[in-house]
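Biologist: I should like to learn how the features of such a model are to be read. Might we begin with the contacts of a ligand?

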Amino acid sequence: MKEVVVGLASCGIAAGGIQVYNKFSELLDAEKDETALKQTGCYGMCFREALVEIIEDSKRRTLYGQVTPERVERIVNEHLRGGKVIEEWIVKEEGQFLAKQKRIVLHNCGKIDPLDIGDYLASGGYQALKKVLSEMAPEQVIAEVARSGLRGRGGGGFPTGRKWESCRNAPSRNGTRYVICNADEGDPGAYMDRSLLEGNPHSVIEGMIIGAYAIGSSQGYVYVRHEYPLAVKNLGVALEQARARGLLGKNILGSNFSFDVKISRGGGAFICGESTALMASLEGKIGEPRPKHIHTTEKGFHGKPTNLNNVETWANVPLIINRGAAWFSSIGTERSKGTKIFSLVGKINNTGLVEVPMGITLREIIYEIGGGIPSGKKFKAVQTGGPSGGCIPERLIDLPVDFDRLTEVGSMMGSGGMIVMDEATCMVDIAKYFVKFLTEESCGKCVPCREGLDRMLDILTDIAGGRGREGDIELLEELGYAIRDTSLCALGGSAPNPVLSTINYFRDEYEAHINERRCPAGVCKELITFTIDKEKCNGCGLCAKNCPQQSITGKKKEAHVIDQTTCIKCGLCRDNCKFDAVVVS
Amino acid sequence: MGAVRIAKSDHDQIEYVIGSNGHSADALISILQDIQAELHYLPEEALRHVAKRLNLPLIQVYGVATFFKAFSLKPKGRHQCTVCMGTACHVRGAGRVLEELERKLNIKAGNTTDDMEYSLDTVNCVGACALGPMVIIDGEYLGIMNAAKVKNVLKAHGAKAARSGQRKG
Ligand SMILES: Cc1cc2nc3c(=O)[nH]c(=O)nc-3n(C[C@H](O)[C@H](O)[C@H](O)COP(=O)(O)O)c2cc1C
Ligand code: SF4
Ligand code: FES
């Protein structure tokens, strides 16, 4: 018996996975070929999507990458029917990519069919829930999670056991308590939460049920971004299937514990990832934070004690119950236990989702798992923590990655975005990018964040545009500290990080923009010029044809020239040139 | 723009959406999302109706409808073109792809062409960073984009704009 498994998470679909799946379904005859066609979530190797795995006799496995509908025919004829593996399409990086990872939370992602609860059950799913309901008191569950050292994966790193305990102990007149899963995933470079919900939704649901039992809650919510239609769909299917098996609803697995989960689709606002804003939004209100003199574990959703955890945090819970706190805390560093999932993206060869033990170095992630920087370019920095985080320069590449070390160097763990940057990335531009994002996402409730960030953006826009003045860097720093110290919520509180960290590590780049009106990385439009290398240009005329300004002239078969007075630096000439003759300086 | 009256069938649809979400104020965002999914925008009349049926002040409904990026108070074009401006796509040059689309369609992001053919919007990370910069047109994912590819992509999607609106400025 053979199995063909096609990766159909968002990344797989974007790379044409559905067409690949349909092609297999068209060509294969389930009986004659003795082959079952299945689908799965994200295996992490997004750089080789669409991925297809062939499993023979439940053990021999072959992983093909960049499969297209055209390639399916050959796979069917040669491999499935002819028994011959097609060497050149095998994903060769697999070994290197997986060697340093520790895939415990992602273990089933890219293996099981997320739409079939049977797959999850067969891999030991819901065993932790059974154990909890049959042999553990709520206090014991909380103690186990506390002992494991699990800290929240949503950014702050708050100890999960402690949060559960304060929610359980918070007074509630009618006993109502809520648990919520934060799947707002606002960091514009992170997608692990989506991947988990798409690829293994039951692990999150199981974690929530266990948490609800420990805390004493009978109603849960998953607050998920509306931009994640597939995650919403797979989660919805999973909830239905769990209900049908008595894993959700009244008297779960025959116990006297009842609990159910509703999905709430967020409206697409970064601030709604913040706990109090999220709860306001769940109540159908504008997502504005409130001061947190009283914690949400005491007065949260509808004024009731509410426990909010991130998707990845919840998915860790069944593992801890199954394998024990001692096992879990044997992974990681002194104060950061377990693993963390990162989305390794940007200027890196092996783009994808990686799960690593806490304490691994940036070098191991970038060079060993990630396979280094493409096109022979030089590594410059890595950005972690999203819009609340910072840029870590090359010289700190041996830094062990955990909550505290990242904070020490002026960045943070955040939700796990890891954006690799090479020498062609401008640090002023990156700072400007994040501040622009944050001005758009600031809810506008308090002055330092609303006005201060606008002002920072003005200054950064001036610097990037060659209008920077002496003293601008100091002004940015002063503003940054003021915004950090006086904003109401953590959005404003961490918003200056991208600016302060780039100033700290790449001050020379700011100075080049201000003093020499030069962008060393060749990114800031107003400071660069496009010219044509006479040696390389063979006069094909493609650039001239595509220039929206008609700024390029030249005779056929002779080197062309760009008129600098009309050029708008759109870069179309460079994108179109097949001979790399357009130079940016 | 309150002048646009919505059709009776749309009205029934809204009533259905409110009912299927249990007439509850908690479900306001879900209700607006469902209406947006049906009509591709939130007409004023729809907001007024929702406020009345949920017994909420119109200002709360309007506030929510304008606070979240998921909602549009303006009608959307027949084709939806979305550019990913997430960090990974940004460092790979998504900004220039967006600028080229703005030039070719002759609108700024967040707007719709006068002939109601195209709406151009941005989004943050669609989870396909490995293929960035990403552009999504009518649900089709187009990876590893650059400014030069925009022309053909629009052409393939039957863009009149690719022919008429390009020589500007
Ligand atoms: C502006 C802002 C955005 C946030 N976005 C998210 C998010 O998208 N996902 C998330 O899990 N936590 C986010 N957080 C953190 C949450 O407020 C909260 O700390 C977290 O969900 C708690 O879960 P944890 O303890 O499991 O980490 C955000 C915080 C702030 C201030
Ligand atoms: S810091 Fe910014 S996001 Fe937070 S409450 Fe103030 S204005 Fe809103
Ligand atoms: S940043 Fe564009 S797909 Fe992730």
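Modeller: A polar contact is a pair of N or O atoms within 3.5 Å. In this predicted model, a polar side-chain atom of A:Lys163 lies 2.9 Å from an oxygen atom of ligand 1.

Biologist: Which backbone atoms lie 3.3 Å from an oxygen atom of ligand 1?

Modeller: A polar backbone atom of A:Gly273 is 3.3 Å from an oxygen atom of ligand 1. For A:Ser275, a backbone N or O atom lies 3.3 Å from an oxygen atom of the ligand. Taken alone, ligand 1 exposes 610 Å², and the protein buries 88% of that.

Biologist: What kind of space does ligand 1 take?

Modeller: Ligand 1 takes the space of the second largest pocket. Two elements of chain A give two or more residues to the shell around ligand 1: β8 (306-310) and α20 (490-494). The largest share, three residues, comes from β8(A).

Biologist: How many residues surround ligand 1, and which come nearest?

Modeller: There are 18 residues around ligand 1, and those that come nearest are A:Gly154, A:Lys163, A:Asn309, A:Asn310 and A:Thr313.

Biologist: Let us turn to the backbone. Where do cis peptide bonds occur, for example in the loops of chain A and chain B?

Modeller: One joins A:Glu49 and A:Ala50, with omega at about -5 degrees. A:Ala50 is placed in the loop between β2 (35-40) and β3 (52-56) of chain A. Another cis peptide bond joins B:Gly132 and B:Pro133, where omega is about -5 degrees. B:Pro133 belongs to the loop between β3 (118-123) and β4 (135-137) of chain B.

Biologist: Which residue has a positive phi although it is not a glycine?

Modeller: A:Glu185 has a phi of about 30 degrees. The place of A:Glu185 is in the loop between β5 (178-183) and α9 (192-199) of chain A.

Biologist: How is confidence to be read, and where in chain B is it lowest and highest?

Modeller: The predictor's confidence in each residue is given by pLDDT, from 0 to 100. Chain B has a mean pLDDT of 86, and 90% of its residues reach 70 or more. Within chain B, confidence is lowest in helix α8 (residues 161-164), at a mean of 44, and highest in helix α6 (residues 94-105), at 95. Over residues 160-169 of chain B, pLDDT stays under 50; for these residues the model has 18 contacts beyond four places in sequence.

Biologist: What ipTM and pTM does the predictor give the complex?

Modeller: The complex is given an ipTM of 0.88 and a pTM of 0.94.

Methods:
Residues are numbered from 1 along each chain as its sequence is written. Chains are lettered from A and ligands numbered from 1 in the order in which they are written. This is a predicted model: local features need pLDDT of at least 70, side-chain atom pairs count only at pLDDT 80 or more; totals for chains, interfaces and linings use all residues. Side-chain values use heavy atoms; hydrogens and water are left out. Helices (H or I, at least four residues) and strands (E, at least two) are DSSP runs, numbered from the N terminus. Contact means heavy atoms within 4.5 Å. A residue is near a molecule or strand if one of its heavy atoms lies within 4 Å of it. A polar contact is a pair of N or O atoms within 3.5 Å; within protein, one must be able to donate a hydrogen and the other to accept it, and residues adjacent in sequence count only if both atoms are side-chain atoms. Accessible areas come from the Shrake-Rupley method with a 1.4 Å probe; for residues, only the protein chains shown count as cover. On a 1 Å grid over the protein atoms alone, a cavity is a set of points where a 1.4 Å probe fits but cannot get out, and a pocket is an open set with protein on both sides within 12 Å along at least five of seven lines; lining residues have an atom within 4 Å of a point. A molecule sits in a cavity or pocket if more than half of its atoms lie within 2 Å of its grid points.
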